[in-house]
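Here is a short set of exercises to work through with the structure open beside you. Try each task before reading its solution.

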Amino acid sequence: MSTSRRATARADSARQCDASLASADRALELDKTYVKAHYRRAKALGKLQRHVDALAAYLAGQALDPENGVLDELKGCLLYTSPSPRDA
């Protein structure tokens, strides 16, 4: 199983988000241009409530593939779940 697919499988379980994040990070160590790994990293970070980091991961993926519709969908989820500055 590829490290990116492993990241997807682990992201489905909130208890394994740290492992999912580690798998996505490992995939990015091997290939910084792997858009799916940026997506999966952003997804895991979002589940861990690390919204600023998740948005940064999303933006890294979007910079590589601006036309990626899945990334746009993720952006909407990240912006919807991120706390507003007033909530901080």
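**Exercise 1. Classify the two partners of a salt bridge.**

Task: Decide whether Arg-50 is buried, partly exposed or exposed, then do the same for its partner.

Solution. Keep in mind as you go that this is a predicted model.
- Step 1: The relative accessible area of Arg-50 is 36%. Buried needs a value under 20% and exposed one over 50%, so Arg-50 is partly exposed.
- Step 2: Find the partner. Arg-50 forms a salt bridge with Asp-53, and the closest N and O atoms are 3.0 Å apart.
- Step 3: Asp-53 has a relative accessible area of 33%, so this residue is partly exposed too.

**Exercise 2. Work through the other salt bridges.**

Task: How many salt bridges does the structure hold? Describe the ones formed by Arg-41 and by Glu-29.

Solution.
- Step 1: The count is 3 salt bridges. As background, side chains of opposite charge can pair when their charged atoms come close.
- Step 2: Arg-41 pairs with Asp-25, with 2.4 Å between the closest N and O atoms. This pair links distant parts of the chain, since Arg-41 sits in helix H3 and Asp-25 in helix H2, 16 residues apart.
- Step 3: Check accessibility for this pair. Arg-41, at 22%, counts as partly exposed, and Asp-25, at 26%, is partly exposed as well.
- Step 4: Glu-29 pairs with Arg-26, the closest N and O atoms being 3.2 Å apart. Both belong to helix H2, and because they are 3 residues apart there, about one helical turn separates them.
- Step 5: Glu-29 is exposed, with a relative accessible area of 55%, whereas Arg-26 is partly exposed at 39%.

**Exercise 3. Test the length of H2 and find its buried side.**

Task: What span should the residues of helix H2 cover, and where do its buried residues lie around the axis?

Solution.
- Step 1: H2 runs over residues 17-30, which makes 14 residues. The expected span uses one less than the number of residues, at 1.5 Å each, so H2 should span 20 Å.
- Step 2: Compare with the model. The end C-alpha atoms of H2 are 20 Å apart, which agrees.
- Step 3: List the buried residues of H2: Cys-17, Ser-20, Leu-21, Ser-23, Ala-24, Ala-27 and Leu-28. They cover an arc of only 160 degrees around the axis, so they are on the same side of H2.
- Step 4: Turn to the other side of H2, where Asp-18, Glu-29 and Leu-30 are exposed.
- Step 5: Take Ser-20 as an example from the buried set. Its relative accessibility is 0%, so Ser-20 counts as buried.
- Step 6: Look for a residue far away in sequence. The C-alpha atoms of Ser-20 and Thr-3 are 9.0 Å apart, although 17 residues separate the two in sequence. Thr-3 also has its C-alpha 7.1 Å from that of Arg-26, with their positions 23 residues apart along the chain.

**Exercise 4. Assemble the largest nonpolar core.**

Task: Which residues form the largest nonpolar core, and which helix supplies the largest share of this core?

Solution.
- Step 1: The core has 10 residues, namely Leu-21, Val-35, Ala-42, Ala-44, Leu-45, Ala-54, Ala-57, Tyr-58, Leu-71 and Leu-74.
- Step 2: Sort them by helix. H3 (35-47), H4 (51-64) and H5 (69-81) each supply at least two residues of this core. The largest share, 4 residues, comes from H3.
- Step 3: Look at H3 itself. Its 13 residues reach 19 Å from first C-alpha to last, close to the expected 18 Å. Its buried residues are Val-35, Ala-37, His-38, Arg-40, Ala-42, Ala-44, Leu-45 and Gly-46.
- Step 4: Follow one core member outward. Leaving aside residues up to four places away in sequence, Leu-45 touches Leu-21, Arg-50, Asp-53, Ala-54 and Ala-57.

**Exercise 5. Inspect the stretch after H3.**

Task: Is His-51 buried or exposed, and which side chain does His-51 contact through polar atoms?

Solution.
- Step 1: Place the residues. Gln-49 follows H3 and has a positive phi, near 65 degrees, and His-51 lies in helix H4.
- Step 2: His-51 has 8% relative accessibility, so this residue counts as buried.
- Step 3: The side chains of His-51 and Gln-49 are joined by a polar contact of 3.2 Å.

Note on methods:
Residues numbered from 1 in each chain as written. Predicted model: local features only at pLDDT ≥ 70, side-chain atom pairs only at ≥ 80, totals over all residues. Heavy atoms only, no water. Buried < 20%, exposed > 50% of the residue type's maximum accessible area, 1.4 Å probe, protein only. Arc of directions from axis to C-beta. Core = buried A, V, L, I, M, F, W, Y, C linked by side-chain atoms within 4.5 Å. Contact = heavy atoms within 4.5 Å. Polar contact = N/O pair within 3.5 Å; in protein donor to acceptor, adjacent residues only side chain to side chain. Salt bridge = Lys/Arg side-chain N within 4 Å of Asp/Glu carboxyl O.
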